[in-house]
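Let's take a walk through this structure together, one piece at a time. Keep the picture at hand and follow along as the names come up.

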Amino acid sequence: MLDVKFIRDNKDFVKERLAIKNFKEIAIVDEIIKLDDDSKIIKRKIEDAQMQVNANSAQIPALIKEGKKDEADVLREKVIALKSVINNAKPELETLEKLLRDQLLKLPNLPSIKVPAGKTPEDNIIVREGGTKPTLPANAVPHWDLAKKYNLIDFELGNKITGSGFPVYINKGAKLQRSLIQYFLDFNTAAGFIEYQPPLMVNENSAFGTGQLPDKEGQMYFANADNFYLIPTSEVPLTNIYRDEIVKENELPIKMTAYTPCFRREAGSYGKDVRGLNRLHQFDKVEIVQLVHPEKSYDVLEEMVLHVEKLLQSLMLPYRILKLCGGDMGFTSALTYDFEVYSAAQQKWLEVSSVSNFEAYQTNRMKIRFKDINNKTQLVHSLNGSSLALPRIVACLLENNQTENEILLPEVLHNYFGNKTIS
RNA sequence: GGAGGGGUGCAGGAGUGGUUGAACUGGCACGCCUGGAAAGUGUGUAUAGGAGAAAUCCUAUCAAGGGUUCGAAUCCCUUCCCCUCCGCCA
């Protein structure tokens with residue numbers, strides 16, 4: 001959520017930036033300022049009246065003690081009159097504040113000045129590429145065929161137990177998943193991230209804090225009886241660990257990592273884009289989250305990009321890093337880098353990580369703050385990234401490393417997996 | 001799920017209708033003391049919004065929301081959370 005004061009002081013800048021994100025309802029900016037003005041006027045009226053209520057009430061006990069009942073009664077009447085002024089003004093204030101908040105929530109985060117203009121994924125900028133695309137054997141097949149051939153993943157079985165998009169990992173397939181999770185977590189904790197195992201369901205406040213609510217509830221599974229949402233990413237519980245907290249400056253940066261399954265409804269997409277592991281309703285992901293000093297967030301963003309890049313390099317996968325254009329960015333992000341790996345048999349780039357700086361957009365909602373050297377409280381900046389999302393990594397590992405009768409695993413996984421190949 | 005007891009500031013913990021934003025203790029910060037430290041001692045130590053150049057002042061906040069009252073941390077209602085006992089259970 002953007003700060004009203006900032007919007008007031010930087011009205012034109014805000015409008016200009018929103019346009020980069022292809023935000024259409026620019027008029028909301030002026031509405032917000034008007035609503036803020038109006039609610040301030042009423043608020044002052046109420047506070048003035050309340051001040052008099054308090055002052056008059058405070059005199060009553062003394063008067064009663066001195067036996068001046070009549071005077072006390074006069075004050076009593078006066079306060080009752082003031083109260084009705086307050087009670088009449090209150091609904092109006094509430095209406096204005098609700099409207100103001102609703103409008104504020106409609107504004108996405110402002111894209112950083114580093115964000116390129118553009119509307120579609122074609123406008124994203126390729127920052128750099130790494131690794132080399134493999135030359136596959138003549139009989140190479142996509143990962144869903146390999147999964148069947150080596151009995152690693154059963155998609156049909158998942159259909160039976162739950163529904164489409166809930167695969168069952170079997171035997172070496174399951175162990176490959178486990179190896180990757182453990183490798184990723186070890187890689188992250190070695191870089192100073194603290195490992196967490198957060199809840200997989202969150203309440204409304206948490207879903208609101210990271211920006212899933214309002215408006216995006218349709219993307220999450222919802223446990224109706226208890227009002228809990230299944231997490232779409234561990235970003236949600238991890239970042240909310242610090243909701244409503246004020247930390248000391250020397251506690252920053254706060255670095256967290258977690259492995260969790262992620263649940264996404266993603267209604268309405270079928271066909272070859274979602275075949276196999278390409279898009280699932282439940283998938284595993286290891287996430288990294290940082291809460292940092294606002295002056296450092298862009299340096300930290302670059303650091304996190306390098307961190308994820310190293311991880312991909314260690315897996316020997318061909319990858320590329322994209323800087324997202326304004327039109328392709330998420331609602332809450334100020335700058336986002338996407339990582340894609342090349343799935344050689346499908347001949348497609350698959351997104352496996354998205355690393356973003358949210359600046360103070362999330363932390364303003366969650367009120368995550370720190371005390372600076374002048375003892376002033378300021379919002380921290382939040383960042384997160386996947387390191388990494390498992391299914392598409394698995395898809396690429398299988399496809400890119402296939403030979404006639406086995407799949408070669410990258411060296412970093414040998415110990416975790418207990419074998420150098422899948423056969 | 002049933003029965004009972006609770007939720008107060010950074011922490012412990014007073015406070016059951018009237019200057020209580022909140023005693024006291026501890027923690028922390030700064031100062032004094034010291035060669036240095038400990039001990040001792042003094043001061044300070046919430047958040048949000050508003051007014052003001054500033055000092056400072058005003059409003060709200062004692063789990064959350066609503067109510068009673070001239071006045072609520074204190075009384076009533078609802079929700080959430082914690083503890084004890086019982087039930088169920090990996």
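**A hairpin to start from**

Let's begin with strands E12 and E13, which form a hairpin with four residues between them. In that turn sits Gln347, and its phi is positive, at about 55 degrees. Before going on, keep in mind that this is a predicted model.

How do the two arms of the hairpin line up? E12 and E13, the latter covering residues 348–357, pair in the antiparallel sense over nine bridges. You can pick out two of the facing pairs for yourself: Tyr337 stands opposite Val355 in E13, and Phe339 stands opposite Ser353.

Now look at the other neighbours of these strands. E12 also pairs with strand E11 (residues 319–323), again in the antiparallel sense, this time over five bridges. Here Leu322 is the residue that stands opposite Asp338 in E12. E13, for its part, is joined by two bridges to strand E16 (residues 381–389), and these two run antiparallel as well. Find Ser356 there, and you'll see Asn384 of E16 opposite.

So is E12 buried or exposed? Nine of the nine residues of this strand (residues 335–343) are buried, so E12 is largely enclosed by the rest of the structure. In a regular strand, side chains alternate between the two faces of the sheet. For E12, both faces turn out to be covered. Leu335, Tyr337, Phe339, Val341 and Ser343 are buried on one side, while Thr336, Asp338, Glu340 and Tyr342 are buried on the other.

**Over to the RNA**

Next, find RNA strand B. It is surrounded by 19 residues, and the closest are Ser57, Arg76, Val79, Lys83 and Lys371. Which part of the RNA faces the protein? Sugar and phosphate make up 78% of the atoms of RNA strand B that come within 4 Å of the protein.

Where do the surrounding residues come from? Helix H3 (28–65), helix H4 (69–106) and strand E14 (369–371) each supply at least two of them. H3 gives the largest share, with ten residues. Sorted by character, the residues of this surface come out as six nonpolar, four polar and nine charged.

A few side chains deserve a close look. A polar side-chain atom of Lys43 lies 3.3 Å from a sugar or linking oxygen of RNA strand B. Phosphate oxygens have partners too: a polar side-chain atom of Thr377 lies 3.0 Å from one, and a polar side-chain atom of Gln50 lies 3.5 Å from one.

**Back along H3**

H3 has another contact worth tracing. Two packed helices are described by the angle between their axes and the distance between the axes. For helix H2 (residues 11–20) and H3, the axes come within 10 Å and cross at roughly 145 degrees. H2 brings Lys11, Val14, Lys15 and Leu18 to the contact, and H3 brings Val29, Asp30 and Ile33. Taken together, the residues there are four nonpolar, no polar and three charged.

**One last stop: Lys367**

Finish in the loop between helix H11 (361–366) and E14, where you'll find Lys367. This residue is partly exposed, with a relative accessible area of 31%. Leaving aside residues up to four places away in sequence, Lys367 touches Asp244, Glu245 and Leu379. The side chain of Lys367 also reaches the backbone oxygen of Asn364, at 2.6 Å.

Conventions:
Residues numbered from 1 in each chain as written. Chains lettered and ligands numbered in written order. Predicted model: local features only at pLDDT ≥ 70, side-chain atom pairs only at ≥ 80, totals over all residues. Heavy atoms only, no water. Near = heavy atom within 4 Å. Polar contact = N/O pair within 3.5 Å; in protein donor to acceptor, adjacent residues only side chain to side chain. Nonpolar A, V, L, I, M, F, W, Y, C, P; charged D, E, K, R; others polar. Axes fitted to C-alpha atoms, helices over the stretch in contact; angles between N-to-C directions. Contact = heavy atoms within 4.5 Å. Buried < 20%, exposed > 50% of the residue type's maximum accessible area, 1.4 Å probe, protein only. Pairing = 2+ DSSP bridges.
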